[in-house]
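Visitor: I am new to this structure and should like to understand the terms used for it. May I see it first?

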Amino acid sequence: MIPFYSGSLTLQIMYQKDESCQACGGDSNLLYCETCNYAYHLKCLVPPLKAPLPRSWRCPECVNPLNDIDKILDCEMRPTIADDKDASKLGPKQVFVKQYLVKWKGLSYLHCTWVPEKEFVKAYKAYPRLKTKVNNFHRQMSSMTNSEDEYVAIRPEWTTVDRILARRGDGEEKEYLVKWKELPYDECYWEFESDISSFQHEIERFHIVQSRHKKSSNKQKGRPIETTESNKKAKEFQQYESSPEFLSGGSLHPYQLEGLNFLRFAWSKQTHVILADEMGLGKTIQSIAFLASLFEENVSPHLVVAPLSTLRNWEREFATWAPQMNVVMYVGGAQARAIIREYELFFPKNLKKTKKKKSGQIVGESKQDRIKFDVLLTSYEMINMDSASLKPIKWECMIVDEGHRLKNKDSKLFSSLKQYASRHRVLLTGTPLQCPEALDLRLASLHALSAEANAFNSTG
């Protein structure tokens with residue numbers, strides 16, 4: 001009897017199995033088909049098979065893998081070795097055959113492969129929908145022939161790691177849940193560490209964020225209590241005479257440094273403010289510098305509400321000026337936001353770590369203690385749509401970009417924002433404020449938001 005692997009189980013069979021991979025001829029770590037005697041390496045399969053392995057598996061000769069196509073990306077004539085009996089005598093012959101570039105279900109663009117047209121033709125009878133998918137692809141490509149833009153099947157950003165959300169497994173089987181650049185969260189995939197080894201910086205960044213929670217698990221993160229002398233001292237205004245060293249994007253202009261000190265002074269006096277300046281003068285950078293200065297004092301989390309069209313710019317500026325901060329952009333469809341809520345907002349519950357209250361009662365970490373991010377970027381729409389998830393969080397600072405949209409206290413955005421608990425509020429506007437009526441309107445909005453804000457009265 002010969003032992004073989006069927007998914008994650010080691011089974012025994014009574015008939016002879018091939019002891020070499022049908023694709024490469026190797027003879028180690030083979031996966032055996034349950035219905036025939038063929039064997040393959042995981043990496044030699046098309047598409048490559050990833051963990052967790054199925055309990056029962058059938059090879060491509062028994063089940064056509066083209067049924068697992070997510071989308072067809074491209075088609076071209078590509079070279080291949082001719083299947084000729086005399087090829088061993090004459091040397092390998094290269095011929096050009098029509099092939100399709102395929103993205104597979106459950107796999108990222110990193111694992112796209114070229115599949116010869118003959119494999120599609122063989123699968124048409126068993127999978128009629130496959131032919132429809134091919135016809136739709138050709139129809140789409142023909143409609144793009146008149147376009148001036150050059151067609152790119154796989155953009156480089158789609159195979160570039162943007163963020164790592166989670167890790168599972170150990171040793172060589174270690175996997176990371178990866179978000180790819182310019183792709184939404186619902187296109188995150190688990191990747192083996194060896195497949196993303198060139199993105200070591202993102203792997204290290206993930207571990208830094210994870211270790212930060214362990215270091216602060218016994219502390220109250222970003223929740224200064226005004227009754228203690230040490231925290232009173234931390235709230236005292238400290239003016240920056242030059243551009244702070246913790247900003248990595250360069251040096252602030254003098255007027256930007258003045259704006260940073262203005263925001264910090266308002267923070268120290270617990271006064272909500274409007275930062276009004278002409279467009280293009282760096283209100284975003286001043287705001288980021290302000291939040292980065294609070295981060296240096298271990299004060300977070302913060303909420304930035306901005307138009308959807310400007311969120312990418314906010315994200316880029318944070319990456320440029322304050323890459324040390326964990327900034328999460330909360331947008332996208334329902335599935336994408338569900339992934340963000342599961343992996344990006346809170347650290348997992350640690351049942352072993354508990355803390356004692358004065359009453360002697362032992363309780364676990366609260367959600368506020370498990371907050372994973374430093375800054376949450378979101379749009380006006382998300383503030384209202386997902387208030388059930390975002391409203392319970394106690395925010396240190398809320399920054400509202402294009403604050404002139406808060407026209408009056410009856411606006412929908414105003415009604416939504418006033419339900420969020422935040423210690424400090426800043427409105428940004430590039431609309432000229434020379435008009436007294438316009439200034440009075442902005443100040444009225446800010447005052448009303450401040451008056452109805454929920455105070456941080458509890459520590460849980």
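Guide: The questions below concern a buried residue, a helix and a sheet. This is a predicted model, in which local features need pLDDT of at least 70, side-chain atom pairs count only at pLDDT 80 or more, and totals for chains, interfaces and linings use all residues. Residues are numbered from 1 along each chain as its sequence is written, and side-chain values use heavy atoms, with hydrogens and water left out.

Visitor: Why is Thr429 called buried?

Guide: Buried means under 20% relative accessible area, exposed over 50%, partly exposed in between (1.4 Å probe, protein chains only). Thr429 has 2% relative accessibility, and therefore counts as buried.

Visitor: Which residues is Thr429 in contact with, leaving aside its neighbours within four places in sequence?

Guide: Contact means heavy atoms within 4.5 Å. Among the partners of Thr429 are Ile274, Asp277, Lys283 and His404. Thr429 itself lies in strand E18 (residues 422–429); strands (E, at least two residues) and helices (H or I, at least four) are DSSP runs, numbered from the N terminus.

Visitor: How do you know that the reach of helix H6 is close to the one expected?

Guide: The expected span is 1.5 Å times one less than the number of residues. H6 (residues 254–268) has 15 residues and spans 21 Å from first C-alpha to last, close to the expected 21 Å. Its buried residues, including Leu257 and Trp267, pack against E18 and other elements, one of them helix H7 (283–296).

Visitor: What makes E9 and E10 a pair?

Guide: Two strands pair if DSSP finds at least two bridges between them. Strand E9 (residues 175–180) and E10 have four bridges, in the antiparallel sense, and Val178 stands opposite Tyr189 in E10.
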